[in-house]
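Trainee: I would like to work through this model with you, one question at a time, and hear the reasoning behind each answer.

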Amino acid sequence: VSTQSTGANKDNDAGAGFEVEKEFGHAFFFTRRFAQGILSELIGTYFMSVVGLYCCIRHGNQEIGFGTLEIALGFGISYLIYAGISAGKGTANLNPALSLTSLFLGHSSILYCFVSFVAQLIGVSCAIATLKSFDLRYTLTLKPEGINEIGMLLAEFFGTLPIICCKFARHGASYHVTLAIILGIVTCVPYSGGALNPARAFCPFVVLDYMPDYYWVYWIGPILASICGSMLYFSGILYNTD
């Protein structure tokens, strides 16, 4: 009996993070919990975007970008810092693909997912506006030479999938997501620019009035990764409820 109780406690501990996420994701509209979760998404996406995008910019003709590894560290570590600050105070997805996965898994409502999408898009847009206010010009993610749209799509898919798996794995933690973000960006930059976040890729294109014909890969790739990650979850690979 004691052995079974211990096993039950371990399962409860493993799902504690999901219960917190569900608490915000299923909160009623206009309640404190709902507003707190959405505000957490907006502020967190803004913070991560300002830090990460700062590593991707140029100031006039002077190169101040830090390179691929530093860009990856900028996005990854900023996520880790904010996830720690906002622990228990929000869902800390900061990525439409993660919010969509949360919806698929039943951790959030359709309304919360949609509003969090909007909050994340606003967060990245505000980050771009902040960088522009300091006369810092954002360098757009451009299609690498010799890579077609299918190659970019696959890069965004395989780069985003580990992030989703780490976020919703049974024993996943913020530092696992951070490592997945860093590895994904470093690996995918030569093939797609390593956005791995629809809001991060889409908002700069809109704010700076530049919309290439291949921008759809930055949405479809992560969405497919979200669907695949959800399937892995329900199959028991990511979160075995037995």
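Trainee: Leaving aside its neighbours within four places in sequence, with which residues is Ile-163 in contact?

Mentor: Bear in mind that this is a predicted model, and that contact here means heavy atoms within 4.5 Å. Once the neighbours within four places in sequence are set aside, the residues in contact with Ile-163 are Leu-98, Val-177, Ala-180, Ile-181 and Leu-196.

Trainee: Which helix supplies the largest share of the largest nonpolar core?

Mentor: That core has 33 residues, and Ile-163 is among those that touch the most other members, as are Ile-71, Phe-75 and Tyr-79. Helices H3, H4, H5, H6, H7, H8 and H10 each supply at least two of its residues. The largest share, seven residues, comes from H7.

Trainee: What span is expected for H6 at 1.5 Å a residue?

Mentor: The helix has 24 residues, and its first and last C-alpha atoms lie 35 Å apart. Because the expected span is 1.5 Å times one less than the number of residues, the value for H6, to which the model comes close, is 34 Å.

Trainee: Is Ala-35 buried, partly exposed or exposed?

Mentor: Ala-35 is placed in helix H3, which covers residues 32-54. Buried means under 20% relative accessible area and exposed means over 50%. Because the relative accessible area of Ala-35 is 44%, this residue is partly exposed.

Trainee: How far apart in space are Ala-35 and Gly-90, C-alpha to C-alpha?

Mentor: In sequence, Ala-35 and Gly-90 are separated by 55 residues. In space, the C-alpha to C-alpha distance between Ala-35 and Gly-90 is 9.5 Å.

Notes:
Residues numbered from 1 in each chain as written. Predicted model: local features only at pLDDT ≥ 70, side-chain atom pairs only at ≥ 80, totals over all residues. Heavy atoms only, no water. Helix = DSSP H or I, 4+ residues; strand = E, 2+ residues; numbered from the N terminus. Buried < 20%, exposed > 50% of the residue type's maximum accessible area, 1.4 Å probe, protein only. Core = buried A, V, L, I, M, F, W, Y, C linked by side-chain atoms within 4.5 Å.
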